[in-house]
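Work through the following exercises with the sequence and the coordinates at hand. Each task is followed by a solution in steps.

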Amino acid sequence: MSSEPTAADRYGVMGYPVAHSRSPVIHRLFAHQTGQNIQYELLKVAPDKLEQAVRQFQRTGGKGLNITTPHKTEVCKLADQLSERASTAGAVNTLAFQDGEIFGDNTDGIGLLRDLVVNRGLSIENANILVLGAGGATRGIVGPLLEMQPALLLIANRTPEKATIIADHFARHGSIAACAFDDIEDRDWQLIVNATSAGFKGEKLPYPASAIGTSTLCYDLSYGLKATPFCEWAKAHGAEQAVMGWGMLVEQAAESFHIWRGVRPDTKPVLKQLRLNA
Ligand code: ATR
């Protein structure tokens, strides 16, 4: 008896722009490693077409989507159900389509934590953490970081009012404060996370170099083939460790893959195969 090969389940990443995304490569490597039959597409979708594109993907049998900049906040409205962490963050990076319903989750924070704690052995409990930026990316990581009970999580932003809104929103989850870049206090910061897009247009970075101590881990949520502006800035100001967010990228993807397929891929060989200096 001959059996027809079953069609691959469809997934993809929606963003604007999206051409730079490494998610297709990562998910193909995960699928190969775990023997899952999936296909994964790059979907460039302008903000005013988001709802239409998501609903069409669902209607035509798509099983799940990753959602990236600038749609992470807006897409929350389309979910029939949100995980607690996505609802707290007010941002979604993963959609799963099941039984005609849309489930929204956010794996960014857990992806960052896995890279920091499991891959890099950083202890977050009682640490002083400085987060630069107060956009969608910051919203996604603050809740999971606070769950690890740092001594302080300070959000600094060019527009300090936006940092204050996030700090107020998360105040009941732990020790959190907000300020402008110029008002960053001198402390022994164990971790500085860059969640801004500053520097990519060649502008000077507005952060105080005095925040970098001898044991500070400087972590950029951005990543690239060459050092990001933040990593260059950190190294130039004496940081011993300045790393890009490749590890977080692969870890958040693994969490999404687990939500969709119920299997957790091993991230180490995938990071290696990407030949990234993460
Ligand atoms: P994302 O979803 O990636 O977080 P976003 O919501 O547009 O993107 O947020 C971008 C962040 O980068 C913001 O914190 C922004 O600061 P403002 O809130 O003041 O706009 C920050 N940012 C962008 N360009 C910057 C620059 N040249 N200097 C300092 N901060 C910058």
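**Exercise 1. Cis peptide bonds**

Task: In which loop does P70 lie, and what is the peptide bond that joins T69 and P70?

Solution. In this predicted model, P70 belongs to the loop between β3 and β4 (81-82). The omega angle between T69 and P70 is about 5°, and the bond is cis. A second case is the bond from Y16 to P17, which is also cis, with omega near 5°. P17 sits in the loop between β1 (9-15) and α1 (23-34). As background, most peptide bonds are trans.

**Exercise 2. Positive phi**

Task: Find where D99 and Q149 lie, and decide whether each is buried or exposed.

Solution. Begin with D99, which is not a glycine and has a positive phi of about 50°. D99 is in the loop between β5 (94-98) and β6 (101-105). The relative accessible area of D99 is 78%; the cut-off for exposed is over 50%, so D99 is exposed.

Next take Q149, again not a glycine, with a positive phi of about 55°. Q149 comes just after α5, in the loop between α5 and β8 (152-156). With a relative accessible area of 52%, Q149 is exposed by the cut-off of over 50%. For context, most residues other than glycine have a negative phi.

**Exercise 3. The buried side of a helix**

Task: Which residues of helix α5 (residues 136-147) are buried?

Solution. The buried residues are T138, G140, I141, V142, G143, P144, L145 and L146. To read such a list against the structure, recall that an α-helix has 3.6 residues a turn, so residues three or four places apart point the same way. In α5, the list includes the run from I141 to L146.

**Exercise 4. The surroundings of N66**

Task: Locate N66, then state which residues make polar contacts with the side chain of N66.

Solution. Step one: N66 is in strand β3 (residues 64-67). Step two: the relative accessibility of N66 is 4%, under the 20% cut-off, so N66 counts as buried. Step three: a polar atom of the N66 side chain lies 3.2 Å from the backbone oxygen of N93. The N66 side chain also makes a polar contact with the side chain of S256, at 3.2 Å. Step four: with neighbours within four places in sequence set aside, N66 is in contact with G12, V13, M14, H27, Y40, N93, T94, S256 and W260.

**Exercise 5. Two buried helix residues**

Task: For Q252 and V54, give the helix and the contacts distant in sequence.

Solution. Q252 is placed in helix α8 (residues 246-261). At 9% relative accessibility Q252 counts as buried. Beyond four places in sequence, the contacts of Q252 are N93, T107, D108 and G111. The C-alpha atoms of Q252 and L113 are 9.5 Å apart, with their positions 139 residues apart along the chain.

V54 is in helix α2 (residues 50-59). Its relative accessibility is 0%, so V54 is buried. Excluding residues up to four places away, V54 touches M14, L65, V75, L78, L95, F97 and I102. Y40 is 14 residues from V54 along the chain, and their C-alpha atoms are separated by 15 Å.

**Exercise 6. Cysteines**

Task: How many disulfides are there, and why does C231 have no bond to C218?

Solution. The count is zero. The closest cysteine sulfur to that of C231 is in C218, at 7.9 Å; a disulfide needs the sulfur atoms within 2.5 Å, so this pair is too far for a bond. C231 is buried, at 4% relative accessibility. C76 also counts as buried, at 15%.

**Exercise 7. The ligand shell**

Task: How many residues surround the ligand, and which are the closest?

Solution. The shell holds 15 residues, and the closest are N157, R158, T159, K162 and E203. By class, four are nonpolar, eight polar and three charged. Now list the polar contacts of three side chains:

- N157: an N or O atom of the side chain is 2.8 Å from a ligand oxygen.
- T159: the distance from a side-chain N or O atom to a ligand oxygen is 2.4 Å.
- E203: a side-chain N or O atom lies 2.8 Å from a ligand nitrogen.

Finally, the ligand on its own has 650 Å² of accessible area, of which the protein covers 74%.

Technical notes. Residues numbered from 1 in each chain as written. Predicted model: local features only at pLDDT ≥ 70, side-chain atom pairs only at ≥ 80, totals over all residues. Heavy atoms only, no water. Helix = DSSP H or I, 4+ residues; strand = E, 2+ residues; numbered from the N terminus. Buried < 20%, exposed > 50% of the residue type's maximum accessible area, 1.4 Å probe, protein only. Polar contact = N/O pair within 3.5 Å; in protein donor to acceptor, adjacent residues only side chain to side chain. Contact = heavy atoms within 4.5 Å. Near = heavy atom within 4 Å. Areas by Shrake-Rupley, 256 points an atom, 1.4 Å probe, with all protein chains shown as cover. Nonpolar A, V, L, I, M, F, W, Y, C, P; charged D, E, K, R; others polar.
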